[in-house]
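Reader: I would like to go through this structure and ask how each label is earned. Please show it first.

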Amino acid sequence: MKKFSSLTVGEAVTTVNKTNCAAAVKSGSLEVFATPMMLALMEEATCNAVAPLLENDETTVGTKITVTHDKASGIGTVITATASLNEVDGRRLVFDVSATDDKGDTIGRGTIERFVVYSEKFMNRVNGK
């Protein structure tokens, strides 16, 4: 694992459409950007932030999410999630995350915690090997 710093930042972008709206993912009945999809976009931003710093068989797994979804976004809205590394404690990484729409309004924010793990060792444990 390379050295992580507060300069570690990642981004992910999507456009709200019929497949990532609340009605489609069954987290509500409206055609607005679904909260679970916003969380997934934020997690994608955290993964993008650390990807260049991971070595060999390393990856990260999510362990804690504390996020608010503050503003609805309709079909066609472009959403950008940003993740900034806030804290490093050994293999534990804590990110400040936010999501903004194409008008520049913040639609959600919070923190996501991830741990650096070795893929093969982790999956062996999951699969009982």
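Reader: Which residue in S4 is the bridge partner of Ile 79?

Author: The partner is Asp 101. The model is a predicted one. The bridge belongs to the antiparallel pairing of strand S3 (residues 78-89) with strand S4 (residues 92-101), which has ten bridges.

Reader: What makes S3 and S4 a pair?

Author: Two strands count as a pair if there are at least two bridges between them. S3 and S4 have ten bridges, so by that cut-off they pair.

Reader: How many bridges join S4 to S5, and how many join S2 to S5?

Author: Nine bridges join S4 to S5, and eleven join S2 to S5. Both pairs run antiparallel. In the S4 and S5 pair, Ala 99 is opposite Gly 108 of S5. In the S2 and S5 pair, Gly 62 has Arg 114 of S5 as its bridge partner.

Reader: What is the strand order in the sheet?

Author: The order is S1-S3-S4-S5-S2, in an open sheet of five strands with antiparallel pairing. The edge strands are S1 (9-15) and S2 (58-69), each of which pairs on one side only. From one strand to the next, the twist averages 25°.

Reader: What does helix H2 touch?

Author: Helix H2 (residues 35-50) packs on the sheet and touches S1, S2, S3, S4 and strand S5 (106-118). The direction of H2 makes about 145° with that of S1. Another helix, H3 (residues 119-126), lies across S2 and S5 and runs at about 90° to S5.

Reader: What lies between S4 and S5 in their hairpin?

Author: Four residues lie between S4 and S5. Gly 104, in the turn, has a positive phi of about 90°.

Reader: Why is Leu 85 called buried?

Author: Buried means under 20% relative accessible area. Leu 85 has 4%, so the residue is buried. Leu 85 is in strand S3. The C-alpha atoms of Leu 85 and Val 97 are 8.8 Å apart, and the two residues are twelve apart along the chain.

Reader: Is Thr 80 buried or exposed?

Author: Thr 80 has a relative accessible area of 19%, which is under 20%, so this residue of strand S3 is buried. Leaving aside neighbours within four places in sequence, Thr 80 is in contact with Glu 11, Ala 12, Val 13, Ser 98, Ala 99 and Thr 100.

Reader: Which residues have the most contacts inside the largest nonpolar core?

Author: They are Phe 33, Met 42, Ile 79 and Phe 95, in a core of 20 residues. H2, S3, S4 and S5 each give two or more residues to this core. The largest share, six residues, comes from H2. Not counting residues up to four places away in sequence, Phe 33 touches Thr 14, Met 38 and Ile 107, among others. In soluble globular proteins, nonpolar side chains tend to be buried together.

Reader: How many disulfides are there?

Author: The count is zero. A disulfide needs a pair of cysteine sulfur atoms within 2.5 Å. As for accessibility, Cys 21 is at 1% and so counts as buried, whereas Cys 47 is at 30% and is partly exposed.

Reader: What makes Arg 114 and Glu 43 a salt bridge?

Author: The cut-off is a side-chain nitrogen of Lys or Arg within 4 Å of a carboxyl oxygen of Asp or Glu. The closest N and O atoms of Arg 114 and Glu 43 are 3.0 Å apart, so the pair qualifies. Arg 114 lies in strand S5 and Glu 43 in helix H2, so the pair ties together parts 71 residues apart in sequence. Arg 114 is buried at 6% relative accessible area, while Glu 43 is partly exposed at 23%.

Reader: How many salt bridges are counted?

Author: The count is eight. One of them joins Lys 71 and Asp 105, at 3.0 Å from N to O. Lys 71 is in the loop between S2 and S3, and Asp 105 is in the loop between S4 and S5, 34 residues apart. Arg 92 and Glu 87 also meet in a salt bridge, at 2.9 Å.

Reader: Which residues are linked in a network of salt bridges?

Author: The network links Glu 87, Asp 89, Arg 92 and Glu 113. Glu 87 is partly exposed, because its relative accessible area is 33% and the partly exposed range lies between 20% and 50%.

Key: Residues are numbered from 1 along each chain as its sequence is written. This is a predicted model: local features need pLDDT of at least 70, side-chain atom pairs count only at pLDDT 80 or more; totals for chains, interfaces and linings use all residues. Side-chain values use heavy atoms; hydrogens and water are left out. Axes are lines fitted to C-alpha atoms, for helices over the stretch in contact, and angles run from 0 to 180 degrees between N-to-C directions. Contact means heavy atoms within 4.5 Å. A nonpolar core is a set of buried Ala, Val, Leu, Ile, Met, Phe, Trp, Tyr and Cys residues joined through side-chain atoms within 4.5 Å. Buried means under 20% relative accessible area, exposed over 50%, partly exposed in between (1.4 Å probe, protein chains only).
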